[in-house]
Amino acid sequence: MGLKNKEHYVWLVCGECDRRHYTTWKKLKAAYKLEKSKYCKFCRKHTTHKEKKL
Ligand SMILES: [Zn+2]
């Protein structure tokens, strides 16, 4: 997996409806979990999106 050496794609999954909308880069071995406020078109509002492996 991974197109670059030290990065890989992860999903950003809506925390409310659990749908996958976005992919983003994340560094391998990063100690943190990504959490981003993104617009969810199903919830029709901004929700916290959490990372999930592709
Ligand atoms: Zn949602």
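Here is a tutorial chat on reading the strands, turns and exposure in this predicted model.

User: Before I trust anything here, how confident is the prediction, and where is confidence lowest and highest?

Analyst: The protein chain averages a pLDDT of 89, and 93% of the residues score at least 70. In the protein chain, strand E2 (residues 20–27) has the lowest confidence, with a mean of 90, while strand E4 (residues 45–53) has the highest, at 95.

User: Okay, on to the sheet. In what order do the strands sit?

Analyst: Read across the sheet rather than along the chain. The order is E2-E1-E4-E3, four strands in an open sheet with antiparallel pairing. E2 and E3 stand at the edges with a single partner strand each, so one side of each has no neighbour in the sheet. From one strand to the next, the twist averages 45°.

User: How many bridges join E1 to E2, and over how many do E1 and E4 pair?

Analyst: Seven bridges join E1 to E2, which run antiparallel. E1 and E4 pair over five bridges, also in the antiparallel sense.

User: Which residues face each other across those pairings?

Analyst: Start with Glu 7, which is in strand E1 (residues 7–14): across in E2 stands Lys 27. On the E4 side, Val 10 has Lys 53 as its bridge partner, and Val 13 has Lys 50.

User: What do side chains do along a strand like that?

Analyst: In a regular strand they alternate between the two faces of the sheet.

User: Now burial. Why do Glu 7 and His 8 count as partly exposed?

Analyst: The idea is to count C-beta neighbours: 20 or more within 10 Å makes a residue buried, 12 or fewer makes it exposed, and anything in between is partly exposed. Glu 7 has 14 inside 10 Å, so it counts as partly exposed. His 8, also in strand E1, is partly exposed because 16 other C-beta atoms lie within 10 Å.

User: How far apart in space are these two from residues further along the chain, Lys 29 and Leu 28?

Analyst: Compare separation in sequence with separation in space. Glu 7 and Lys 29 are 22 residues apart in sequence, and their C-alpha atoms are 8.9 Å apart. For His 8 and Leu 28, 20 residues apart along the chain, the C-alpha separation is 6.5 Å.

User: Next, backbone angles. What sign does phi usually have?

Analyst: Most residues other than glycine have a negative phi, so a positive value is worth a look.

User: Which residues have a positive phi here?

Analyst: Let's go through some cases. Asp 18 takes a positive phi near 65° in the hairpin of E1 and E2, which has five residues between the strands. Lys 29 has a phi near 65° too, and Arg 44 has one near 60°.

User: Where do Lys 29 and Arg 44 lie, and are they buried or exposed?

Analyst: Lys 29 lies in the loop between E2 and strand E3 (35–40). It counts as exposed because there are 6 C-beta neighbours inside 10 Å. Arg 44 lies in the loop between E3 and E4, and with 8 C-beta neighbours inside 10 Å it also counts as exposed.

Note on methods:
Residues numbered from 1 in each chain as written. Predicted model: local features only at pLDDT ≥ 70, side-chain atom pairs only at ≥ 80, totals over all residues. Helix = DSSP H or I, 4+ residues; strand = E, 2+ residues; numbered from the N terminus. pLDDT = per-residue confidence, 0-100. Pairing = 2+ DSSP bridges. Axes fitted to C-alpha atoms, helices over the stretch in contact; angles between N-to-C directions.
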